[in-house]
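Welcome! Here is a short guided walk through a structure, meant for someone meeting it for the first time. Please keep the 3D view open as you read.

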Amino acid sequence: MRRACLGAALLAAISLLLPAIVLADIKLQVRVDRKNIALDDTLTLQVSVESRGSEAPDVTMPELDGFEIVSQQVQRPMQFSFNFGQGAVVQSSMVYTYGLRPTRVGAITIKPIVAELAGERRATAPLTITVSQGSGSAPTPPDPDPGTADQTAQPGGDDTPPSNVSKNGGLDLAEVDGSAFIRAVADKAAPYVGEQVTVTIYLYTRESLRGPPATETEPTTDGFWIHDLLGNQQLREQRQVIQGAVYAVYPLRRFAAFPLRSGELSIGTMALRLDTGSVLDIFGPRRGNQQLSRKSAPLVFQVKPLPEPTGGQPPGDPLVGRFEVESKLDRAQSATGDAVTLTVVVRGVGNVRDVKFPTPVINGLDVLEPEIKDLIDATGDRVGGTRELRYLLVPRAPGRYELPKFELTTFDPATERYARVGSTPLTLEVVGNAIAAQPSTAPAADDKTADEAKPKPVSTHEWQPIRTQSALARRSALFAEQPWFWPLLGLPAVLYAGWQIARSKRKRMQARAQTAQSRAEQEARSKLDAASTAAKQQDGKAFFAAAAATVLATLQARLGEPATGYTHGQLRRYLSERGMNDALVHEVVGLLERADHARFGGATTAAALDAELTALKAARDKLAGFVPTAKEAA
Amino acid sequence: MRKLALSAALVLASLALTSAARAESLDRIFSAANEACFRGDFAAAIKGYEQLEQAGVRDADVSFNLATAHARRGELGAAVLYFSRALWLRPGDDGAEEGLSAAQNELAKGRADREGEAELQTRPPLAEALVRPISADGLAVAMLLSCIAFFGCLVAWSTVHRAAQKLALGVAAPLLLLALLLLTGGLLVKLDALREGEPVIVLREGAPLLEGPDDKAQVRKQALEGQGGRVLRTEGAHSETVLDTGARGWMATSDLGRLRPD
C-alpha cells in the first residue's frame with residue numbers, strides 16, 4: 001500500500017514536470033539580407049530565438065571575424081499565451097539584428113550561433129558570405145535559413161479592432177476569408193512628414209489554432225521611423241462578427257510610424273502560416289490538421305510635405321508635434337577650469353529623436369558635444385517623450401556669460417500651425433584665473449586634414465584591452481610644485497640649527513654659573529684660612545670678620561648668588577625658602593650674629609676663638625651637604 | 001547661530017550634490033567612450049576620452065584608453081604620446097609600459113618595412129631610467145623623510161653617550177645625507193628642472209623641421225612619428241623644437257603632442 005502511494009506520488013510529480021520539459025522548446029533562426037556583398041556595403045544579420053516557457057534562452061554569438069559591427073539592436077522579448085484547448089502556451093521571442101560591414105574581400109563564414117535553455121541546445125548552420133571589391137552589389141532576396149522558422153505571436157491589449165473600414169481618412173485593408181485573414185489598419189492615409197501614423201495588424205480566425213502563428217514575412221517599413229506600441233502586453237483574444245460569422249481576433253502588430261520623407265511610402269505585407277485544427281474541437285468549421293498561409297495587404301500612404309509657413313520660412317527644420325524646451329545649469333557660479341553641466345530638456349508629443357541643436361559657441365567657454373538621453377513615452381498610443389541633452393561647459397576665463405536660448409520651430413499637424421518654442425536664457429558667473437585654451441595634444445578624431453584623414457595601415461599587433469574602471473582623477477599639483485614643499489623640506493635644518501644654538505647658549509650659561517660658584521668657594525676657603533690665622537694670633541676682630549666672610553662666601557658658593565644685603569631675619573627666611581633645614585639656618589645665622597657682636601663687643605679669649613673656629617668648620621661641612629632648591633621654586 | 005549652521009549645512013549639501021552630478025557626467029562620458037571602443041568606433045571613443053581631458057580629468061587609465069584607441073586606429077605617434085602620459089601620471093604602470101614599447105616597436109617595424117631599416121630608441125638616459133618607475137610625489141615624500149631622518153640622526157648623535165650608538169649614528173648620518181642628495185637630483189630630473197623646454201612627441205611621420213616659424217621656410221629635416229623632443233617656445237602655429245636626436249628647428253604645433261597637459 002505504501003509502495004503504491006509512493007508510485008502514485010512519483011507519477012504525479014512526473015506529470016507536473018512534463019509540461020515544463022515540453023515548454024523548454026527552443027527555435028532558432030538566422031537570416032541575412034544577402035549573401036553577396038560589396039566591401040563598402042552593410043549586411044543585416046537577424047537572429048531570432050524563440051522558446052516555450054517564460055525563461056529566455058542564452059544565445060552565444062560567435063566571433064564575427066571579417067566583419068565590423070556597425071549597429072546592433074535587440075528587440076525585447078515578447079510573451080503571450082494562447083488557449084487552444086491544450087493548456088496555456090507561453091512563448092518568448094528575442095530578435096537580435098546586427099549591421100555588419102566586411103573588413104576584407106573573399107568568402108567570410110559566420111560560425112554557428114548557439115542557443116541554450118535548461119540543458120537543451122540549438123545551433124545554426126554556418127553561413128558563408130561572399131565579399132567583393134567595389135560597391136553596388138544588388139541585394140539578393142531574403143535567405144531564410146533551413147530549419148524551424150516559427151516566430152512570434154503578438155501580445156495584445158484592450159485594443160478593440162475597428163468594425164468599420166476607412167474611417168477618419170485612415171486605411172483599413174483586409175480580404176475577408178471564411179477561415180482566417182489578416183487586417184491592416186492605419187489611422188491616417190495622408191500624414192505630413194514626421195507626423196505619427198498608428199498601424200495595427202490583426203489576425204482574424206475562425207479556426208482552432210494548434211500553435212502560435214508563424215511569421216513568414218514581417219511588414220517592411222522603409223522610409224519610416226518605427227516605435228513599437230504593443231510591448232509586453234498580454235495578448236487578449238476578442239470576438240468580432242464579420243459577415244455574420246464569429247471570428248477570434250488577435251492584434252499581431254501595433255506600431256507608430258513616422259514618415260521620414262514626402263511622397264508615396266508603404267508598409268509592406270505581413271505573411272503568416274497558421275497550423276489549424278484540433279480533434280477535440282468538434283464544433284470547429286473543419287476537422288483535421290491544416291496549414292494556412294495568409295498575408296496582409298500593403299498600406300500605401302501619400303505623405304504630404306509640411307505646408308509653406310505664412311510669413312516666411314521659420315529658421316531651422318521644423319519638428320512635427322507639440323514640444324516645450326527648458327534649460328538649466330547645475331550651478332550658476334563656477335571657478336575657471338571647473339566643468340559645469342548645462343541640461344536642455346525637450347519634452348512633448350512627436351518624434352523627440354529628431355530634436356537637434358547646434359552646439360553653442362561662447363567665447364571664453366569650452367562647450368563639449370552633448371550627451372543625449374531619450375525617454376520615449378507612448379501613453380495612449382501617441383508617441384512622445386523627452387530628449388535630454390547634457391553639455392559640459394568648461395570656463396576658461398572669469399566673467400559673466402550669457403548662455404543663449406535653445407529654440408525650436410514646431411509644426412502641429414492638428415492645427416496645421418507653426419510655432420517657435422525655446423528655453424529661457426541662462427547666466428553663468430565664473431571666477432578665478434584665466435586658463436589658456438588647450439592646444440591640440442593630438443589630432444582630433446573628427447577634424448583631420450585631408451592628408452591625416454588618409455587611412456593609416458592598421459597594425460596587426462594585439463593591443464591590450466581598454467580599462468573600464470577609472471577614478472577619473474583630476475590633476476592636482478605635485479608635492480614638489482606646492483608652495484609649502486620647499487619650506488617644509490628646509491624646516492628640519494632650521495629646527496636643528498635652532499636646537500644647536502639654544503644648546504650652546506645653555507652650556508655657556510652653565511659654565512659661567514659654575515665659574516662664579518667655584519670662585520666663591522675659593523674665597524670661602526681663603527677666608528677660613530684667614531680666620532684660623534686670626535684665631536692663632538688671638539685677634540678677635542680679624543677672626544670674626546674672616547668668619548663672617550667665610551660663611552657668606554660659602555653660602556654664595558652653595559646658593560649660586562651672593563647672600564649679602566640681607567638682615568639676619570631676612571637671611572633666615574631666605575635660607576628656609578631655599579630649602580635649608582631650621583637647625584642649619586639657626587647655626588649659620590647664629591655664627592653671623594656672634595661675629596657681628598664680637599666685632600663690636602671687644603676682646604675674646606683664645607679658647608672662645610678656638611670654639612668658634614670649630615663651630616665655623618662644622619657649619620661649613622654641613623653647608624657642603626646642602627642642596628638648595630631652585631630660586632624660582634622658592 | 002543655529003541659522004548660520006543650517007545655511008552652512010545647506011551650502012555644503014548643494015556643493016556635494018553638484019560635484020556628485022559632475023562626477024556622474026564624467027562617468028557617463030567614460031562609459032560611452034568605452035562602449036564606442038568596444039564596438040570598434042575608435043573615433044567616437046577618442047572623442048569621448050578627449051572630452052574628459054578637456055574637462056580637466058588627468059587620469060592614467062583615461063590616457064591608457066586614449067592611447068589604445070589611437071593605436072587601434074593605427075595612429076601610433078598619438079599612442080606613444082598617451083602611453084607616455086599614462087606613465088607620467090602613474091609611473092610603473094605595467095600596461096602602459098607594455099603599450100608604449102609595443103607602439104614604438106610597431107612604428108619601427110613599419111619604418112623598417114618602408115625604408116629597409118629603422119632605429120628603435122627605447123633606452124632613456126640613465127638618470128631618467130633610474131627615476132622612471134618612481135613618481136615625482138614619491139620622490140618628494142622620500143626626500144622629506146630622508147631630510148627629517150638625517151637631522152634626527154644629527155640630534156641623536158649629539159645627545160647619546162654610548163660609543164656604539166654614536167658610531168651607528170655617525171655611519172647613518174652621511175648615508176642619509178647621500179640619499180637626500182640623490183633624491184634631490186632625482187626629483188629635479190623628474191620635474192625636468194634641469195632641461196630647457198617642454199617635452200613633446202611627434203605625431204606625424206615625416207613632419208618637417210623648418211628653418212623658421214613659417215610653412216614656406218626651408219625644411220631642415222623630417223621628424224619621425226613617435227619621436228621625442230622639447231618645445232622651447234611657440235610663435236603662431238609653429239613651435240621651436242629640439243628633437244631627441246639634437247636637431248633643432250621649427251615644427252607645426254599641430255604635429256606635436258604635449259606630454260604634460262598642464
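A good place to begin is chain A, where 3 strands make an open sheet in the order β15-β20-β21, with antiparallel pairing. At the edges stand β15 and β21 of chain A, each with a single partner strand, so one side of each is left without a neighbour in the sheet. On average, neighbouring strands of this sheet are turned by 25 degrees against each other, direction ignored. Please keep in mind that what you are looking at is a predicted model.

**The strands of the sheet**

Take the pairings one by one. Strand β15 (residues 214-217) of chain A is joined to β20(A) by 3 bridges, and the two run antiparallel. Here Thr217(A) stands opposite Ala271(A) in β20(A). Between β20(A) and strand β21 (residues 290-295) of chain A there are 6 bridges, again with an antiparallel course. In this pairing Leu272(A) stands opposite Arg294(A) in β21(A).

In a regular strand, side chains alternate between the two faces of the sheet. Strand β20 (residues 271-276) of chain A shows such an alternation: Leu272(A), Leu274(A) and Thr276(A) point to one face and are buried. Ala271(A), Arg273(A) and Asp275(A) point to the other face and are not buried.

**Three loop residues of chain A**

Next, look at some loops of chain A. Ser262(A) sits in the loop between β18 (245-259) and β19 (263-267). Leaving aside residues up to four places away in sequence, Ser262(A) touches Val193(A), Val303(A), Lys304(A) and Pro305(A). Pro191(A) is 71 residues from Ser262(A) in sequence, yet their C-alpha atoms are 9.1 Å apart in space.

Two other loop residues have a positive phi without being glycine. One is Glu416(A), with phi near 55 degrees, in the loop between β30 (407-412) and β31 (417-422) of chain A. Another is Leu472(A), with phi of about 50 degrees, in the loop between β32 (426-431) and α2 (485-536) of chain A. The table shows how enclosed each of these loop residues is.

| Residue | Other C-beta atoms within 10 Å | Exposure |
|---|---|---|
| Ser262(A) | 16 atoms | partly exposed |
| Glu416(A) | 10 atoms | exposed |
| Leu472(A) | 18 atoms | partly exposed |

**Chain B and its helices**

Now turn to chain B, which has 8 helices and 7 strands. Of its 262 residues, 40% count as buried. Among the contacts in chain B with a separation of 6 or more, 53% come from residues 24 or more positions apart.

Helix α3 (residues 60-72) of chain B deserves a closer look. How far apart are its end C-alpha atoms? At 1.5 Å a residue, the 13 residues should span 18 Å, and the end C-alpha atoms are 18 Å apart, which agrees. In α3(B), 12 of the 13 residues are buried, so the helix is largely enclosed by the rest of the structure. Among the buried ones are Val62(B), Phe64(B), Leu66(B) and His70(B). After α3(B) comes Gly74(B), whose phi is positive, near 85 degrees.

**The nonpolar cores**

Which residues touch the most other members of the largest nonpolar core? Within its 74 residues, they are Ala79(B), Phe83(B), Ala86(B) and Ala103(B). Helix α4 (residues 76-89) of chain B provides the largest share of this core, 11 residues. A second, separate core of 35 residues includes Val199(A), Phe224(A), Ile267(A) and Leu272(A). That last residue also belongs to the buried face of β20(A).

Back in chain B, Phe83(B) touches Ala67(B), Ala96(B), Gly99(B), Leu100(B) and Ala103(B), not counting residues up to four places away in sequence.

**Where the chains meet**

Finally, see how the two chains come together. The contact takes 65 residues from chain B and 49 residues from chain A. Several elements of chain B each supply at least two residues to the side that touches chain A, including α2 (42-54), α5 (94-115), α7 (136-159) and β7 (256-258). The most comes from α1(B), with 12 residues. By type, the residues on this side of chain B divide into 31 nonpolar, 17 polar and 17 charged.

Conventions
Residues are numbered from 1 along each chain as its sequence is written. Chains are lettered from A and ligands numbered from 1 in the order in which they are written. This is a predicted model: local features need pLDDT of at least 70, side-chain atom pairs count only at pLDDT 80 or more; totals for chains, interfaces and linings use all residues. Helices (H or I, at least four residues) and strands (E, at least two) are DSSP runs, numbered from the N terminus. The expected span of a helix is 1.5 Å times one less than its number of residues. A residue is buried if 20 or more other C-beta atoms lie within 10 Å of its own, exposed if 12 or fewer, and partly exposed in between; C-beta atoms are placed from the backbone. Two residues are in contact if their C-beta atoms, placed from the backbone, lie within 7 Å. A nonpolar core is a set of buried Ala, Val, Leu, Ile, Met, Phe, Trp, Tyr and Cys residues joined through C-beta atoms within 7 Å. Ala, Val, Leu, Ile, Met, Phe, Trp, Tyr, Cys and Pro count as nonpolar, Asp, Glu, Lys and Arg as charged, and the others, Gly among them, as polar. Two strands pair if DSSP finds at least two bridges between them. Axes are lines fitted to C-alpha atoms, for helices over the stretch in contact, and angles run from 0 to 180 degrees between N-to-C directions.
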